[in-house]
Amino acid sequence: MEKHVHHICIQTNEQTRRLLTVCCRSGRLGAASYTLQTSELLILEEIMDRAPEHQIFLSLFNQIDPVKIIMDGKSQGTLISAVKKIVLNDTDDGKCKLIFVSAKDYNFEACKRRIHSLSLPNEPPHCSDEERLVFLRTVVDFSQTQTVHALGAMLRYLDLNWSNLSLNLHGKPEFLSLRRISLHDIVSIDEDTYRGLQIFSSTSHPSGFKKGARGSSREGLSLFQLFSKCSSKVGHRRMRQLFRHPTNDIETLKRRQDVIGYFIRPQSDTIMRNICTSLRFIKNVNGILAKIKALSAKAYQWKSLYNALYNVVLICEMCESVGQDCEYLEQLATYDTNKLYEMALYMNRIIDFDLSKSEGKFTVKAGVDPDLDIKKQTMASLHGLMSETAKVELERLPTFIEECTMLYMPHLGYLLGVKAWDDKLTMEEKELPNMKFMFQNNDYIHYKSKGCEELDVMIGDTYPEIVAHETRIMMRLTSILLENLHTLATVIDKCAELDCLITISKVCKEYNYVRPTLTADKVIDIKEGKHPLYLANCDNFVPNDVTCSREAGYVKILTGPNSSGKSVYMKQIGLIAFLAHVGSWVPAAAARLGALRRLHSRVRSAEPVAAHMSAFLVDLRQMSLALQEATSDSLIIIDEFGKGTSETDGLALLAACLNTYLFREEDCPHLLISTHFFNLKEFIVDTPIVQFLHLEHVVHGGRPVFLFRVAAGAGGAAGAGGAGGAACGVGGRVVRRAERVLEALATNTLPPANEKIKEKLKAITEIMKTELLAEDI
């Protein structure tokens, strides 16, 4: 009898879903995050977060990318305003929700008790309650009250809502790892700067059905898109984290530069290819182990776990031969991978991956367990035995029955299936001699015969026993894997970062980047710098220098016609500084950069409909943030601020903002300004930290030719607008007239009359006079 089973498939979103709880009191921010797919807990080391901007929270939000933010129901002040602004203005995917919970969930003592009951796989085995508390104190700093509040509230929320979050009525939340993250070393970059410098540039899905769905956005032309070519998914996710967490820790940056420098060398090509081949199999195993622990892992997930284990060990072994040349690779080489090797060996010896794939379940190899082998041999001979039993039973059946079949059903045992010999049979007609009627399914009537009873006694429930036996072996293997989870997760995290650094080295090698010199001094000195995105998309690019130091001045004011390259020049300096703080090499002939604390810009003037703000109000908001947040070790990029309002108001605002920076003198940040206010110099303080620059151009055949070369000195006002108009195809007569009007404005006189227009006006006036006189007569 052929049995048809219809499977109902529920498609789940493969995007990582994270929850985030935050607690901010007295300016100190604490937070905790939980990843539903991988059962990972993250806690934020308590940190100061200035109101009302809350840039630290915004950086954390962009790194975590949560689907839910959980907060105290009594939360007030600037943080709740910042969170609501994020949730309400989340136009990219519209995926984040704000959840308010009872203030009781944030009670400090209750939060401590929940953390004390937290069970982690890497805690010491068979330890007492006191020993567990000592272990937890090494992971959680209970003096950081805001972090304790946030972690306790997260545990409470998971306990209360686990059935809705996991769609499992009988399960409970698992915690496979607990890690701390710190933002004390982060270079603060606001979201407008990320978009304005094109570090990130997400584009919505063109389909109206998919637009706005989580994960439907794609990365457009951006710096991240240029570098997002990692071999593994964990590497790709780690690359996004690196870009969201640029650091000013010089030692960390130098270690990354060393790795990039090692893989740029031609003699490292072979080892790099081999490592990249293994990196393709590296996955976040926490999610797989969570499935295995819940007995819901598929065969391909077991195979993925084995491949990850095997290739992690392989990468560490490959680093042994080259570790002495690079400190980072030496750390990978010195990891104790014996336990990981044993785990891979156990899996290889126990699991029959080919049979597991074909049978769709965990299948043990022959020779592992003698009792299991006997059951499988019995099961293998069962098909022939059932066929023989069916032949014997057919001879005992009435002559009008020409065929029968034997089948096994759990809980019912072995049954004899007979095809119905008539369409409308009564219960009396279905009764057969020496047969017990069981049920009818479609055209087949099922009976329990003497032969079936003999099979029940002789063989029994062999298949369920095999499954139960293999499940017991699987659970013993799972316990061994979980014992070494912490080591495996640590090495995989290192491999993910290695994947990022190898990818960065490939880009650096392709476009001839150089290693920047990082220093604690306040300096930005770039020789022949280039814009990384232009360099990747065009053949000819004019490089330019910049020097911001105590001797050369911290403030650069840039003038020049439209389309002469001012914005590109300033953006390339911002991107070079950003790449240096990620640990990458930079597109320049040479570069020396001091560690920055903040990077802000006023570049992009988008007009979001949901924000109910004009372009000029957006400019003011960006400028306000740069004024309030900028410190001495910051880089501020301001592109044509003030152009969105009247000329006098724009000039006054720009001069006032610039003077605010200049009054700081030696504490003035690195400041790059482009402007068309050529008389700006008259309204700012006279100080040696200001240097005027301009973009060169020449006029050839009445049209401007832009040289895209920066030169010292302020550019002249005359002809700048005309040059831009001529470059865009505005007629020569209109441009010449504009130049005459400009000259008249400069001398406070009237421009000369246009004789052609005068003649036309005179002729029309005469016609009107003649016609009016004729009407009067």
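**A tour from Pro52 to helix H27**

Start by selecting Pro52, which sits in the loop between strand E4 (47-48) and helix H1 (55-64). Helices (H or I, at least four residues) and strands (E, at least two) are DSSP runs, numbered from the N terminus. The peptide bond joining Ala51 and Pro52 is cis, with omega about 0°.

The model is predicted: local features need pLDDT of at least 70, side-chain atom pairs count only at pLDDT 80 or more, and totals for chains, interfaces and linings use all residues. Residues are numbered from 1 along each chain as its sequence is written, and side-chain values use heavy atoms, with hydrogens and water left out.

**Two positive phi values**

Go next to Asp65, in the loop between H1 and strand E5 (68-72). Asp65 is not a glycine, yet its phi is positive, near 55°. Its relative accessible area is 28%, so Asp65 is partly exposed. The classes are buried (under 20% relative accessible area), exposed (over 50%) and partly exposed in between, with a 1.4 Å probe and protein chains only.

Now select Glu665, in the loop between helix H24 (647-662) and strand E22 (670-674). Here too a residue that is not a glycine has a positive phi, about 55°. Glu665 is exposed because its relative accessible area is 55%.

**Pro266 and a long span**

Select Pro266, in the loop between helix H9 (250-264) and helix H10 (269-279). Pro266 counts as exposed, since its relative accessible area is 58%. Add Gly451 to the selection and draw a C-alpha to C-alpha distance: Pro266 and Gly451 are 74 Å apart in space and 185 residues apart in sequence.

**The cysteines**

Show the sulfur atoms of Cys230 and Cys500. A disulfide is a covalent bond between the sulfur atoms of two cysteines. The criterion here is a pair of cysteine sulfur atoms within 2.5 Å, and by this rule the count is zero disulfides. For Cys230 the closest cysteine sulfur is in Cys500, 4.3 Å away, which is too far for a bond. Cys548 is in no disulfide either; its nearest cysteine sulfur, that of Cys668, lies 9.8 Å away. Cys230 counts as buried because its relative accessibility is 16%. Cys548 is also buried, at 2% relative accessibility.

**Patches around helix H26**

Finish with Arg733, Arg736, Arg740, Lys756 and Lys760, which form a positive surface patch. The elements giving two or more residues to this patch are helix H26 (732-747) and helix H27 (755-776). Helix H26 supplies the largest share, three residues. Arg733 belongs to H26 and counts as exposed because its relative accessibility is 60%.

Patches are made of residues with over 30% relative accessible area and no salt bridge; like charges are joined within 9 Å, and nonpolar side chains (Val, Leu, Ile, Met, Phe, Trp, Tyr) within 5 Å. A salt bridge is a side-chain nitrogen of Lys or Arg within 4 Å of a carboxyl oxygen of Asp or Glu. Lys and Arg count as positive and Asp and Glu as negative, while His and the chain ends are not counted. A charge is placed at NZ of Lys, CZ of Arg, CG of Asp or CD of Glu.

The last selection is Val741, Leu742 and Leu745, a nonpolar surface patch with about 260 Å² of accessible area together. Accessible areas come from the Shrake-Rupley method with a 1.4 Å probe; for residues, only the protein chains shown count as cover. Leu745 is found in helix H26, and its relative accessible area of 65% is why Leu745 is exposed.
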